[in-house]
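Trainee: I would like to go through this structure step by step, starting with the ligand and ending with the backbone. Please give the reasoning along with each answer.

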Amino acid sequence: MLTVTKLHKTFNSHGNLVTAVDNVSFTVPDGIFAAIIGKSGSGKSTLLSLLGALDIPTSGKVEVDGQDITKLSDRKLIRYRLTQIGFVFQGYNLIPNLSAIENVMLPMEFAGVSTKQRRTRAEDLLEQVGLTADKLSRKPSRLSGGEQQRVAIARALANRPKLILADEPTGNLDSATGKLIVDLLHHLAKKQNTTIIAVTHDLEIARQTDLTLKLADGKMTVASSSAAVPEPAVHAAKAVHA
Amino acid sequence: MSTVSRGVRNAFRNPIRTGGVTIILGLSVGLALVMLLSLKAVQGRIDTVKSSIGNTITVSPAGARGFDGGGEPLTQAQLDSLKSLPNVTAVTGTLNDRLTPVTDTSLASAIDPGTLGNRARRATNPDSANAPTGGPQRTFSLPVMVTGVGAVTPAAVNATSLKLVSGTTLDAAGTTNTAEVGQALATKNNLVVGSTFTAYTGTKITVVGIFDAGNQFTNAGLMMPIKSLQALSAQPGQVSSGTVTVNSVTNLESAVIAIKAKLGTAADVVSQQDSATNAIAPLESIKTVSTYSLIGALAAGSVITFLTMLMIVRERRREIGVLKAIGASNIKITTQFVSEAFTLTAMGAVLGVIGGLVLANPILKVLVTSNTATSTGGSFGGGGGRGFGRAFGAIGGNTLTTLQTTIGFDILAYGLLAALIIAFLGSALPAWLIAKVRPAEVMRGE
Ligand SMILES: Nc1ncnc2c1ncn2[C@@H]1O[C@H](COP(=O)(O)OP(=O)(O)OP(=O)(O)O)[C@@H](O)[C@H]1O
Ligand SMILES: [Mg+2]
């Protein structure tokens, strides 16, 4: 369970204080697919980076299974990113001179998994995301956008994280491919009982999710949930997902 | 795939840049290597010159050299006062005397007078000054040279080497009537260890050893303990000259000044200081050039690596952020970049070592010619005609023309070491930049 309490983040941009995330509180139960929506500049990416421990909040708490990750030491933060989080970005962010399979193996290498196991699991994951065997050793530049995003999803799943954070994962894809990617993400996460929090502009996608968190000027305004999640979910989205 | 192998692979991501950087680094590593080699060669030669020149100072009575000149003798007490001077490690006195065969000693001279002996006799004897130069030579015996020594050293008998051929070394500190005789003198007089001869109104002197000093003049003489000789020749406490040993050639000059201050006008103080300085000066300047070039080459290599790594790190900011976001530690990422830097410099080093092998001696030759051209004028030859000015001029000349770098297997180790140093210096700031990359940046500006 992910519990966010009074999360606040301000940036100092050339002397002016910019509040990117303003006193946000919410709860996401395990295994939920949640969407964050909001206008450009409303603080979606900033919120995601706070959840993924890529940045430190100005104040407030992010608790994962009761542990406040904002208070972790540097070493534990790295461990948290490595084992608990999987990131999927709009721009895929694959390492350009590594092949598809090497990109998927990378987080497992950081986690100390043996080379043989890394390869087996990477092959397995790439098969699950639907990358054909002949493309495993291709560099990202020789893959299509959709294929690159499949590799990125496989990479995010590599260390069996509890939480997948996706920042506009379909933003660079046509809507048909985007839908395939979201379905894939959803399907795989369900299989591993992984929580997904995805930032999206696509209301079509948002409609499929269990929980929708809406940001406006850094504040959380509306949270709606599918029938499976009782309302109001803004301050306590209780997990009763099937 | 490991962090290190990823770094190595990354070094080839941009082949054109890699090629360029390798060539430039190769030049700087090669230059550094050449400078290191010439530094070693030059230092080796400086050491040889210094040890060949010796670290001794000769103190003689003012106005006298051996049996020539005049003035008052020096005393052992005066010499002893020099022992307390800074950098002086030993002071020994010698007393020279001449024994005329038949009248003074039972020994016969081992040297025939010949042309030089007769000329010297005419020069000192007014009777023979008017004798026709081409006339028949008179027969006379050259005196046997006896040296009272305080220590058995080559310097004490004006030789460059001193070998004991048989018997034992003379007890120079003793007061017995014993002698170590030169090889030639021993042969001439059929002396063996244990033989005796007479000198100084019939005093019996025992041969304890026979030496070879490597030259005829010294080998025709003999050594006795200085105290014995002082007593026998009725010159108590007197010395003909003293040899002051200084701890290092580099302190010769200051020691000469101190000795002159101590003894004032009573003594003439002579060292090979000037010859040493003259012989070493051009070498020292090659050393200086080499040292600065070495530092310069390493610095240039480091700066190039540094700028390259800076460029690479800036180019891959996002990638660094991604690595951090997926759980890489700063140490892992830094290791990867240092491996990349090391790969670049190692390739440069290989190129540099090959270049260094080819260019070391030609470059050293250029250094030598440009340095001798500026320093030979007058400094070697102008020794005042005393003989060793010219002799050391020759050493100085040889020193430079025969200088050669020696290239061994250690060259590879040096090249690799240079590459390592360059890689680490060049990666230090980029590593700091890596640590500063905020992983949240991957979210921005897609
Ligand atoms: N590092 C930063 N320094 C200064 N201001 C920042 C920084 N990061 C974000 N901001 C500001 O915080 C606010 C929220 O930015 P954020 O990137 O979270 O928006 P977003 O909702 O993801 O927008 P978009 O949909 O365009 O991606 C913006 O006003 C942005 O300018
Ligand atoms: Mg954003």
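## Ligand site, interface and backbone

Mentor: Keep in mind that this is a predicted model. An oxygen atom of ligand 1 lies 2.5 Å from a side-chain N or O atom of T46(A).

Trainee: Which side chain has an N or O atom 2.7 Å from an oxygen atom of ligand 1?

Mentor: A polar contact needs N or O atoms within 3.5 Å. At 2.7 Å from a ligand oxygen, the side chain in question is that of K44(A).

Trainee: Which residue places a backbone N or O atom 3.2 Å from an oxygen atom of ligand 1?

Mentor: Here the protein atom belongs to the backbone, and the partner is again an oxygen atom of ligand 1. The distance is 3.2 Å, and the residue is S42(A).

Trainee: How much of the accessible area of ligand 1 does the protein cover?

Mentor: On its own, ligand 1 has 630 Å² of accessible area. The share of this that the protein covers is 73%.

Trainee: Which element gives the most residues to the shell around ligand 1?

Mentor: In chain A, the elements that give two or more residues to the shell are β1 (2-13), β2 (16-28) and α1 (44-51). The one that gives the most does so with three residues, and that element is α1(A).

Trainee: How many residues surround ligand 1, and how do they divide by class?

Mentor: The shell holds 16 residues, with S40(A), G41(A), K44(A), S45(A) and T46(A) the closest. By class they are three nonpolar, eight polar and five charged.

Trainee: Why is the site of ligand 1 described as shared between chains?

Mentor: The site is shared because the residues surrounding ligand 1 come from chains A and B.

Trainee: What area is buried between chain B and chain A?

Mentor: The size of an interface is often given as the accessible area lost when the parts come together. In this interface, 24 residues of chain B are in contact with 28 residues of chain A. Carbon and sulfur atoms give 58% of the buried area, which is about 2300 Å².

Trainee: Which element gives the largest share of the side of chain B that touches chain A?

Mentor: There are eight residue pairs in polar contact between chain B and chain A. On the chain B side, α1 (3-10) and α11 (317-325) each give two or more residues. The largest share is six residues, from α11(B).

Trainee: How many salt bridges cross the interface of chain B and chain A?

Mentor: Side chains of opposite charge can pair when their charged atoms come close. One salt bridge joins the side chains of R6(B) and E109(A), at 2.6 Å from N to O. The whole structure has 16 salt bridges over all chains, while the count across this interface is three.

Trainee: Which side chain meets R438(B) in a salt bridge?

Mentor: The N to O distance in this salt bridge is 2.7 Å, and the partner of R438(B) is D55(A). R438(B) is in the segment after α14 (410-436) of chain B and the partner is in the loop between α1 and β4 (59-64) of chain A, so two chains are joined by R438(B) and D55(A).

Trainee: Which residue in the loop between α6 (175-191) and β8 (195-199) of chain A should I check for its phi?

Mentor: Most residues other than glycine have a negative phi. The residue in that loop is N193(A). Its phi is positive although it is not a glycine, at about 55 degrees, and the residue to check is N193(A).

Trainee: What is the phi of D217(A)?

Mentor: D217(A) sits in the loop between β9 (211-216) and β10 (219-225) of chain A. D217(A) is not a glycine, yet its phi is positive, at about 50 degrees.

Notes: Residues are numbered from 1 along each chain as its sequence is written. Chains are lettered from A and ligands numbered from 1 in the order in which they are written. This is a predicted model: local features need pLDDT of at least 70, side-chain atom pairs count only at pLDDT 80 or more; totals for chains, interfaces and linings use all residues. Side-chain values use heavy atoms; hydrogens and water are left out. A residue is near a molecule or strand if one of its heavy atoms lies within 4 Å of it. A polar contact is a pair of N or O atoms within 3.5 Å; within protein, one must be able to donate a hydrogen and the other to accept it, and residues adjacent in sequence count only if both atoms are side-chain atoms. Accessible areas come from the Shrake-Rupley method with a 1.4 Å probe; for residues, only the protein chains shown count as cover. Helices (H or I, at least four residues) and strands (E, at least two) are DSSP runs, numbered from the N terminus. Ala, Val, Leu, Ile, Met, Phe, Trp, Tyr, Cys and Pro count as nonpolar, Asp, Glu, Lys and Arg as charged, and the others, Gly among them, as polar. Contact means heavy atoms within 4.5 Å. Buried area is the accessible area (1.4 Å probe) that two parts lose on being put together, summed over both. A salt bridge is a side-chain nitrogen of Lys or Arg within 4 Å of a carboxyl oxygen of Asp or Glu.
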